[in-house]
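Here is a short report on one protein model. Please keep the sequence and the structure in view while reading.

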Amino acid sequence: PAGAGRRPPAELPGASGITGGAAPIIARSHHGSVSKEERALVEADLKAGRLKCVVATSSLELGIDMGAVDLVMQVESPPSVASGLQRIGRAGHQVGEVSKGVLFPKHRADLLHSAVVAERMVDGAIEPMRIPANPLDVLAQQTVAASAIDEWEVEHWFDVVRRAAPFGSLPRSAFDATLDLLAGRYPSDRFGELRPRIVWDRDAGTITGRRGAQRLAVTSGGTIPDRGLFGVFMIGDAGPGRRVGELDEEMVYESRVGDVFALGATSWRIQEITHDRVLVSPAFGEPGRLPFWKGDGIGRPAELGAAIGAFIGELAAADEPAALARTAA
């Protein structure tokens, strides 16, 4: 019959060898809610040149040496000049190379912000660094960590703490109040459920860590607040297996067993939802919902805000030819 032996159009590229040797994945995601192992794999593939593109949050902004990156495309204006330089600086990270980047504003107001940030990046107008003064939460963490290893004389520990620049002006009253809190001397009965972390021997003038203080110092360090995320784990015969990443609690609330979502360039099917984790199995090739994470808005440095305001005022006061010339510059 007529048309016998003809291949459907979809089969022609494969039969002709056009698709032979094509990379199965050209881009992957990299962000804080992807598991550490998955992020390491993405970084290794990018460094080796096996991966042509990575879509990332600020997780690739600092501390990553990516010599193979040719171009950085920044979607939305960077939150600061320093951040913009860090992100664009991921490209051309080799001796003699020039870092190249492109800013893609998302809306009209963002266009103004991007223009000011780009101009200040070229001028090297980096915001000054501000060191927090007397962060008592950090003092509490360091006190628990130090006392968990060895016994400390209170006076000596106070002197050691004051050597650090952030605590150079630490008043003794705040220091003693922090030790009181860690030792279980609370200002109200409402804090009674909190467990003391150190033993403060006021007669001997020493502090020592209580049982479990060392583990607490190792597992609970840092100043990033708990965001209420659910861990995502592969389901196995013996319980939760490899950690895949994290999901926002609101997305978990809206999800049901059997739903498929995408995370780390792979689709996953929800098998079980517990009080703090989501157990999943691979769902290769199936389309899934894109996850979302909600967080606080990123602040803007005062210097950058003043520069944006001055730029808008300059354009508003200029006539049309002058304004066009200024924006073209």
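## A buried serine

Ser-114 is buried, because its relative accessible area is 4%, and the cut-off for buried is under 20%. The model is a predicted one. Ser-114 sits in helix H4, which covers residues 108-123.

What does Ser-114 touch, leaving aside residues up to four places away in sequence? Its contacts are Ser-77, Leu-103 and Pro-105.

## The second largest pocket

The second largest pocket holds about 350 Å³ of space. It is lined by 14 residues. Closest to the pocket centre are Ala-140, Val-144, Leu-182, Arg-197 and Leu-216. Three helices each give two or more residues to this lining: H5 (136-149), H7 (172-183) and H8 (213-219).

Which element gives the largest share of the lining? That is H5, with 4 residues. Sorted by class, the lining of the second largest pocket has 8 nonpolar, 4 charged and 2 polar residues.

## Helix H7

H7 is one of the helices that line the second largest pocket. Helix H7 has 12 residues. From first C-alpha to last, H7 reaches 16 Å. That is close to the expected 16 Å, at 1.5 Å a residue. Just past the end of H7, Gly-184 has a positive phi of about 95°.

Which residues of H7 are buried? They are Ala-174, Phe-175, Thr-178, Leu-179, Asp-180, Leu-182 and Ala-183. Leu-182 also appears among the residues closest to the centre of the second largest pocket. The cover over the buried residues of H7 includes two helices, H5 and H6 (154-163). It also includes two strands, S6 (198-201) and S7 (206-209).

## Strands around S7

S7 helps to cover the buried residues of H7, and S7 also pairs with other strands. With S6, the pairing is antiparallel and runs over 4 bridges. Ile-198 has Gly-209 in S7 as its bridge partner. S6 and S7 form a hairpin, with 4 residues between the two strands. In the turn of this hairpin, Gly-205 takes a positive phi of about 70°.

How many bridges join S5 and S7? Strand S5 (residues 152-153) pairs with S7 over 2 bridges, again in the antiparallel sense. Here Glu-153 has Thr-206 in S7 as its bridge partner.

## Recap

H5 and H7 meet in two parts of this account. Both give residues to the lining of the second largest pocket, and H5 is part of what covers the buried residues of H7. S7 pairs with S6 and with S5.

Methods: Residues numbered from 1 in each chain as written. Predicted model: local features only at pLDDT ≥ 70, side-chain atom pairs only at ≥ 80, totals over all residues. Heavy atoms only, no water. 1 Å grid on protein atoms, 1.4 Å probe; cavity = no way out; pocket = protein on both sides within 12 Å on 5 of 7 lines; lining within 4 Å. Points joined across faces, edges and corners; volume = space filled by probe spheres on them. Nonpolar A, V, L, I, M, F, W, Y, C, P; charged D, E, K, R; others polar. Expected span 1.5 Å × (residues − 1). Buried < 20%, exposed > 50% of the residue type's maximum accessible area, 1.4 Å probe, protein only. Contact = heavy atoms within 4.5 Å. Pairing = 2+ DSSP bridges.
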